[in-house]
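The exercises below are meant to be worked through with the sequence and the model side by side. Try each task before reading the solution that follows.

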Amino acid sequence: MTAKTLMVQGTSSSVGKSVITAALCRLFTDEGLSVAPFKAQNMALNAYVTRDGGEIGRAQAVQAAAARVVPTVDMNPILLKPEAGSRAQVVVLGKARGGARAVDYERDRDELRGIVRDALSRLRALHDLVVIEGAGSPVEVNLKDRDVVNMFVAETADAPVILVGDIDRGGVFASFVGTLSLLSPGERARVGALLVNRFRGDVRLFEPGVRFLAEHTGIPVLGVVPHLHALRIADEDSVALSDRRNRRRASVSEVEIAVVCLPHVSNHDDFLPLEHEPGVVVRFVENPRELEGADLVVLPGTKSTVADLAWLRETGMAEALVRRAARAEPVLGICGGCQILGRSIRDPEGVESDVPEARGLELLPAVTRFGSEKRTRQVRASLGRPSFLGTPSDPPLRGYFIHQGRIEVSAADALASFVAEGPVEDQGLDGAVSPDGVVVGTLLHGLFENASVRTALLRALRTRRGLPEPAADGTPVVDEYDRLASVLREHVDLSLLHRLIGR
């Protein structure tokens, strides 16, 4: 079979395309269709590993979960991961090709377009509907002739387009009218509906705006979607961090977790499960003073380990972390953060940077060595040492690795042992624990999706402060994808939506 297609494009970046795509995936799945998400090219440092060890954008994994299907590399055939020095690592069909500058990447455009076509064709052969997400804006005039993700894909898939604008950002009318005016006549003809996203207040107040858009563009408005608060769905990229840097400090009865916002932070969605725990405040910080008073400080993953280690030293953050550990205040490192906390980072082949060896913060008894092979695995890990993340008697953890820097650590100092899941055979030691147990590191992403880890960590932090466990509020747990689909059903014209896909 050849699936029908529907594409979500935006008037700019960060208008909510990823979330709207996820909502459409769940809505149509609930109607009995076999649905798959697709984004030809994703530029993001939030990544996910598929069962067969392929690396894709986190957003497409989220959308696959919304569609109740297993994520595959065909759902995001090209992933660009920005690095230091205006370079990006190019991941094609789940496998890293190495770093490239924009000019080098453009030389491969025709090949990449073929890869996009083939991946989309394979998905369409397996499903009833493919919901496609665009990137940024389709009318970036300096990029249109090199497009591999917006109108090129819409034309390849013969897909009707829903154009999304974010009213919360302001200027939504100009965004819609301006975008449409810059499309060619053929491209504009593909736009079947406009969708106003993130409206605050009574949506009925926007009815004059709906009429204005329909009259001035000649394109119907599919709906006005309200702003969704505390949405428990991973963000696509680091743009979403701007709202999380300015969160309030925790009260005396709450646990505060400070995540260091590294310049090249990756997989910041690792902390989303903690953000929704009762009595917990997660803040992303950039100043050493903001670490004071936090119950836990976390060094997250990074795409440029050595460059971010240098930034930590330049800003005084490194010294603050060392002083914190000396006061026996908990510090956690995840992936690149774990490597930074170790004794040294060795990269003699220049895999990540031109620095052959850099001294780490020396808070963990481990050494990192970079190699040419990138480890991308779904894994199951068992704790080997007790720490504030749990004890060896706790159930195995599940998560995934995305790294080229592998740590060398003794069995006595390792946090856990792991076994890879899927077709790739791999096992070994993960992470490290300092002799006093104050500093812990792991290379495991998805760590806090394990309920046992969240429970152990928060219990340990509360015990240090003498805080009681928060009382259950009795609020039922709601599937966030069901919540998204329900909001969409209530606020869009379903008959127009079905007409767009020929139902």
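**Exercise 1.** Is E329 buried, partly exposed or exposed, judged by its relative accessibility? The model to be used here, and in the later exercises, is a predicted one.

*Solution.* Begin with the cut-offs, by which buried means under 20% relative accessible area and exposed means over 50%, with partly exposed in between. The relative accessibility of E329 is 21%, so this residue counts as partly exposed. Next, look for its charged partner: E329 forms a salt bridge with R327, and the closest N and O atoms of the pair are 3.1 Å apart. R327 has a relative accessible area of 48% and is therefore partly exposed.

**Exercise 2.** Work out the strand order of the open sheet of six strands, and state which strands lie at its edges.

*Solution.* Reading across the sheet, the order is β2-β9-β1-β10-β11-β12, and the pairing is parallel. The edge strands, each of which pairs on one side only, are β2 (35-38) and β12 (221-226). From one strand to the next, the twist averages 20 degrees. For one pairing in detail, take strand β1 (residues 4-10) and strand β10 (residues 161-166), which run parallel and are joined by four bridges. Within this pairing, G10 has V164 of β10 as its bridge partner.

**Exercise 3.** Describe how helices α4 and α8 are placed against the strands of this sheet.

*Solution.* Helix α4 (residues 109-126) packs on the sheet, where it touches β1, β2 and β9 (129-133), and its direction makes about 170 degrees with that of β2. Helix α8 (residues 207-217) lies across β11 (191-199) and β12, and it runs at about 150 degrees to β12.

**Exercise 4.** Find the salt bridge between R198 and D166, and explain which parts of the chain it ties together.

*Solution.* The side chains of R198 and D166 meet in a salt bridge with an N to O distance of 2.9 Å. Because R198 belongs to strand β11 and D166 to strand β10, the pair ties together parts that are 32 residues apart in sequence. Now compare the surroundings of the two partners: D166 is buried, with a relative accessible area of 6%, whereas R198, at 25% relative accessibility, counts as partly exposed.

**Exercise 5.** Carry out the analysis for the pair E357 and R346, and then name the residues of a salt-bridge network.

*Solution.* E357 and R346 meet through their side chains in a salt bridge of 3.4 Å, N to O. E357 lies in strand β20 (residues 357-359) and R346 in strand β19 (residues 344-346), so this pair ties together parts that are 11 residues apart in sequence. Both residues count as partly exposed, E357 at 47% relative accessibility and R346 at 27%. As for the network, R26, D30, R68, D479, D482 and R489 are joined into one by salt bridges that share partners.

**Exercise 6.** Classify the packing of helices α1 and α14, and list the residues that meet.

*Solution.* Helix α1 (residues 17-30) and helix α14 (residues 480-491) pack with their axes 8 Å apart, at an angle of about 85 degrees. Angles from 65 to 115 degrees count as roughly perpendicular, and α1 and α14 are therefore roughly perpendicular to each other. From α1, the residues V19, I20, A22, A23, L24, R26, L27 and D30 meet Y481, D482, L484, A485, L488 and R489 of α14. Sorted by class, this contact has 10 nonpolar, no polar and four charged residues.

Technical notes: Residues are numbered from 1 along each chain as its sequence is written. This is a predicted model: local features need pLDDT of at least 70, side-chain atom pairs count only at pLDDT 80 or more; totals for chains, interfaces and linings use all residues. Side-chain values use heavy atoms; hydrogens and water are left out. Two strands pair if DSSP finds at least two bridges between them. Helices (H or I, at least four residues) and strands (E, at least two) are DSSP runs, numbered from the N terminus. Axes are lines fitted to C-alpha atoms, for helices over the stretch in contact, and angles run from 0 to 180 degrees between N-to-C directions. Contact means heavy atoms within 4.5 Å. A salt bridge is a side-chain nitrogen of Lys or Arg within 4 Å of a carboxyl oxygen of Asp or Glu. Buried means under 20% relative accessible area, exposed over 50%, partly exposed in between (1.4 Å probe, protein chains only). Angles under 35 degrees count as roughly parallel, over 145 as roughly antiparallel, 65 to 115 as roughly perpendicular and the rest as oblique. Ala, Val, Leu, Ile, Met, Phe, Trp, Tyr, Cys and Pro count as nonpolar, Asp, Glu, Lys and Arg as charged, and the others, Gly among them, as polar.
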